[in-house]
Amino acid sequence: MRVLKTPKVYLIARPQIVEEGLNQFLEDQSLVWPTPTDGVKDAERLVEAAGRCCYMSFGKKAGSKTNLRYLQNLLGINEDGSWKSGPAHGSVCEHPCWSFLVVGSGRGFSHEQVRHRTGWAYSQLSTRYCDFEREEEEGTWEPGFCIPPLAQLSEETESLFADKLRNSQKMYCDLLQAIESDLQNNFEFMNTLSNYDEREKKRILRKAARGAARDILPIATEAIMTMSANARAIWNCIVLRGNEHSEAVIRDVYVQIAKIMEIEMPSLFQGIRYEKCWDGSEIVVMPRDKL
């Protein structure tokens, strides 16, 4: 059993312009791309393309002569990076999407995260298919359980929490074995497996037992998640989940995501500040609440 203390976010996918398609569109419409592309991220070009197609602002109608100024004008950002008052045209930021893989966070995090529906897609570790009874074969995944930051304020509490996690895993193991035994002794259930070979029978039996035993797994059970979202959804979630009022693990995840997005789309994710919370962890201060 792995005891995990902090989450970690991996960026695993980012936007990519299909040059052939964009160039063919420009050629078919007798248009020329109006701004330099050197050093411009594909996500930023995608937002510019979407915005320009709304008004066909190419050629003499191009207006802004750089991608940065175009996005600033579109979103209501001054040249110094400050935001103008009033609404932003944030809908164009729904086109570029990124995928993050989050590990080291429990199902408390995943339950909160999936409440954000608009602009997000999720895939999550299955407690029915993955075995939390024992370490898997060498070189494969080992079950993890997470200790939240507020249970790490003293060594005594952290040790107590880890002991309770081991007890929870033991209860899961005891139930898993009992349920599996009951199923093996149940004629009606075993009869449903009669058309399968021995290996498949064992797999189905194990899955059924895990499906019942998992109900006793704690919220602290690691919830490995792949999360994909567009820039606007990411921005709004950082606002909601990166501040001092958010739960510590969720805030940690979004501090990491904010730092990733500063690199991935600097023309939008600019002016972000990081401050210290009472426990020394970081919070995110966004320059604007809603995009």
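## Contacts, cores and overall shape

Glutamate 180 is in contact with Leu205, Arg206 and Ala209, leaving aside its neighbours within four places in sequence. This is a predicted model. Glutamate 180 is found in helix 5, which covers residues 155–184. Is glutamate 180 buried or exposed? Its relative accessible area is 14%. Buried means under 20%, so glutamate 180 counts as buried.

Now the whole chain. The chain holds nine helices and eight strands. Its radius of gyration is 25 Å, well over the 19 Å that the globule rule gives for 291 residues, so the chain is more spread out than a compact globule. Along the principal axes, the C-alpha atoms fill a box of roughly 80 × 55 × 30 Å. Take the contacts between residues at least 6 apart in sequence: 72% of them join residues at least 24 apart.

Some values for the chain are set out here.

| Property of the chain | Value |
|---|---|
| Share of the 291 residues that count as buried | 44% |
| Exposed area | about 15,800 Å² |
| Share of the exposed area from carbon and sulfur atoms | 51% |
| Positive side chains | 36 side chains |
| Negative side chains | 41 side chains |
| Distance between the centres of the two charge sets | 5 Å |

Next, the nonpolar cores. The largest nonpolar core has 44 residues. Which of its residues touch the most other members? They are Ile234, Ile238, Tyr254, Ile257, Met265, Leu268 and Phe269. Several elements give two or more residues to this core: helix 2, helix 3, strand 3 (97–103), strand 6 (225–230), helix 8 (231–241) and helix 9 (248–264). Helix 9 supplies the largest share, nine residues.

Phenylalanine 269 deserves a look of its own. Residues up to four places away in sequence are not counted here. Phenylalanine 269 then touches Ala231, Ile234, Trp235, Ile238, Met261, Glu262 and Met286. There is also a second, separate core of 19 residues. Its members include Phe145, Tyr172, Ala209 and Leu217. Ala209 also appears among the contacts of glutamate 180.

Last comes helix 3, residues 67–75. Which of its residues are buried? The answer is Asn67, Tyr70, Leu71, Gln72, Leu74 and Leu75. These buried residues pack against helix 2, residues 42–55. Both helix 2 and helix 3 are on the list of elements that give two or more residues to the largest core. Just after helix 3 comes glycine 76, with a positive phi of about 80°.

Note on methods:
Residues numbered from 1 in each chain as written. Predicted model: local features only at pLDDT ≥ 70, side-chain atom pairs only at ≥ 80, totals over all residues. Heavy atoms only, no water. Buried < 20%, exposed > 50% of the residue type's maximum accessible area, 1.4 Å probe, protein only. Helix = DSSP H or I, 4+ residues; strand = E, 2+ residues; numbered from the N terminus. Contact = heavy atoms within 4.5 Å. Rg over C-alpha atoms; globule rule 2.2 N^0.38 Å. Areas by Shrake-Rupley, 256 points an atom, 1.4 Å probe, with all protein chains shown as cover. Lys, Arg positive; Asp, Glu negative; His and termini not counted. Charge placed at Lys NZ, Arg CZ, Asp CG, Glu CD. Core = buried A, V, L, I, M, F, W, Y, C linked by side-chain atoms within 4.5 Å.
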